[in-house]
Structure formats: structure tokens, C-alpha cells
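Trainee: I'm new to this structure and would love a close look at one part of it. Could you walk me through the salt bridges and what surrounds them?

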Amino acid sequence: MVKKGLIIAGIVVLLLVIVVIGQYNSLVNLETGVDAAWAQVENQMQRRADLIPNLVNTVKGFASHEQQIFEDIAAARSRLLNAQTPEDQMEANNSLDTALGRLLMVVENYPTLKADASFIRLQDELAGTENRIAYARKEYNEAVEKWNRSIRRFPTVLIARMFGKDPYPYFQASEQAREVPQVQF
């Protein structure tokens, strides 16, 4: 009878180990998905950061007296390139968004610049990159949503806590992006 009880206890322990391993592997897959999605966001933000010096140099030729905007863009770009954590990168990216918005407002005052072929090409590249960044952010947020939901469900929550798995932050819009733009004719 004792032998039969030990066999049943062994089977139960084995099943629990299999469940823990399965849940852990599931968490690894989801976490790797979040990391890959974040890497794509970083890739697109780097692409934009690489395009910005060309855009700025093109605009400088037409609007050299707008020095403060160029300094703000350089500082924001530097913060983005030096940011270490996703949270710091998100904050630096929001600063860069603001600085680029101000640059594009300056461009509106220079009709010759808006017609310049190299500026148009750079602006198209930047617009394409902004679309890629938006898509990468969406993919990242979807991966984070799956991860965060998974680590909060039972029994995975127990496994997640046991291995120190924490929620990831969502990529959120900056405060400036939440303001409704004023369009005047």
C-alpha cells in the first residue's frame, strides 16, 4: 500500500514538474517576443536618428538662423542614442518627436526648401520611418499585452513570481501627442 502511495505521489510530482516546465517555456517564448518587438522599435528609432542629421543639414542651408531648433534636435537625438532602458528610450523618443515637429513648422516658412528635391526625398524617408516606428510600437504593445496578460493568469502567475518575471511597460504617446492640433487657414 505504501509503495502504491509513493508511486501516486511520484506521478503527481512529475506532473507538477511538467506543468511548471511547460509554463516556464511559454513565458520564455512570450518574453522573447516582447524583446524582439522592442528590438524592432529600437531599430526603427535608430533609422530615424540616422536620417535626422541629413534632414537638419538640408534645412540649415535655408534657415541657418533657427539655431535653437537645431540644438534641440541634436540634444534629443543624443538622448535617444544614449538611452539604456526602454523607459528612457520612450522618453527620449518623445523629446525627439517634439523637436522634429518644431523643425517641420520652420520648414513651412520656407517655400523654396519645401520644393527642394533633396528635402522632399528626406522628408519622404522620414515619413516612411515614422510609419515604421508606429507599426513597430503597435507590435511591441501587442507583445507586451500578451506577456502582461499571461503573467497575471493562474497558474502562470505562480510560475512568473517564482522566476521573478515582471510586467513590461507599454509604449505610450507623449503628452504633446495627446493635444488636438489646431489647423488654421
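Mentor: Here's a walk through the salt bridges, with a bit of the setting before and after. Keep in mind that this is a predicted model.

Let's start with the overall layout. The chain's secondary structure comes to 6 helices and 0 strands, so if you read along the sequence you get the pattern α-α-α-α-α-α. The chain has 185 residues, and 31% of them count as buried. As for who touches whom, take the contacts between residues at least 6 apart in sequence: 76% of these join residues at least 24 apart. On the outside, the chain exposes about 11700 Å², with carbon and sulfur atoms supplying 57% of that area.

Now for your salt bridges. As general background, side chains of opposite charge can pair when their charged atoms come close. Here the count comes to 8 salt bridges, and I'll pick out a few.

Go first to arginine 48 and glutamate 130, whose side chains meet in a salt bridge at 2.9 Å, N to O. Arginine 48 sits in helix α1 and glutamate 130 in helix α5, so this pair ties together parts that are 82 residues apart in sequence. Look at how each partner is covered, too. Arginine 48 counts as buried because its relative accessibility is 0%, while glutamate 130 is partly exposed, with a relative accessible area of 26%. The pair also has company: Arg48, Asp97, Glu130 and Arg137 are linked in a network of salt bridges.

Next, move along to glutamate 145 and arginine 149. Their side chains meet in a salt bridge at 2.6 Å, N to O. Both belong to helix α5, and because they are 4 residues apart there, about one helical turn separates them. Glutamate 145 is partly exposed at 30% relative accessibility, and arginine 149 is partly exposed at 36%.

Then there's a pair of sequence neighbours, lysine 138 and glutamate 139, with a salt bridge of 3.3 Å, N to O, between their side chains. Lysine 138 has a relative accessible area of 39%, so it is partly exposed. Glutamate 139 is partly exposed as well, at 30% relative accessibility.

While you're looking at helix α5, which covers residues 117-152, find serine 150. With 12% relative accessibility, serine 150 counts as buried. Leaving out residues up to four places away in sequence, serine 150 touches Leu27, Leu30 and Thr156.

For a view beyond the charged pairs, try helix α2, residues 67-82. Its 16 residues reach 23 Å from the first C-alpha to the last, close to the 22 Å expected at 1.5 Å a residue. The buried residues in α2 are Ile69, Phe70, Ile73, Ala76 and Leu80. Seen down the axis of α2, these buried residues fall within an arc of 130°, so they line one face of the helix.

Last, swing over to helix α1, residues 2-62, where you'll find isoleucine 7. Isoleucine 7 counts as partly exposed because its relative accessibility is 48%. Together with Ile11, Leu14, Leu15 and Ile18, Ile7 makes a nonpolar surface patch of about 490 Å². If you want one spot to come back to, try the arginine 48 and glutamate 130 pair, which joins helix α1 to helix α5.

How values were computed. Residues are numbered from 1 along each chain as its sequence is written. This is a predicted model: local features need pLDDT of at least 70, side-chain atom pairs count only at pLDDT 80 or more; totals for chains, interfaces and linings use all residues. Side-chain values use heavy atoms; hydrogens and water are left out. Patches are made of residues with over 30% relative accessible area and no salt bridge: like charges are joined within 9 Å, nonpolar side chains (Val, Leu, Ile, Met, Phe, Trp, Tyr) within 5 Å. Accessible areas come from the Shrake-Rupley method with a 1.4 Å probe; for residues, only the protein chains shown count as cover. A salt bridge is a side-chain nitrogen of Lys or Arg within 4 Å of a carboxyl oxygen of Asp or Glu. Helices (H or I, at least four residues) and strands (E, at least two) are DSSP runs, numbered from the N terminus. Buried means under 20% relative accessible area, exposed over 50%, partly exposed in between (1.4 Å probe, protein chains only). Contact means heavy atoms within 4.5 Å. The expected span of a helix is 1.5 Å times one less than its number of residues. The arc is that of the directions from the helix axis to the C-beta atoms.
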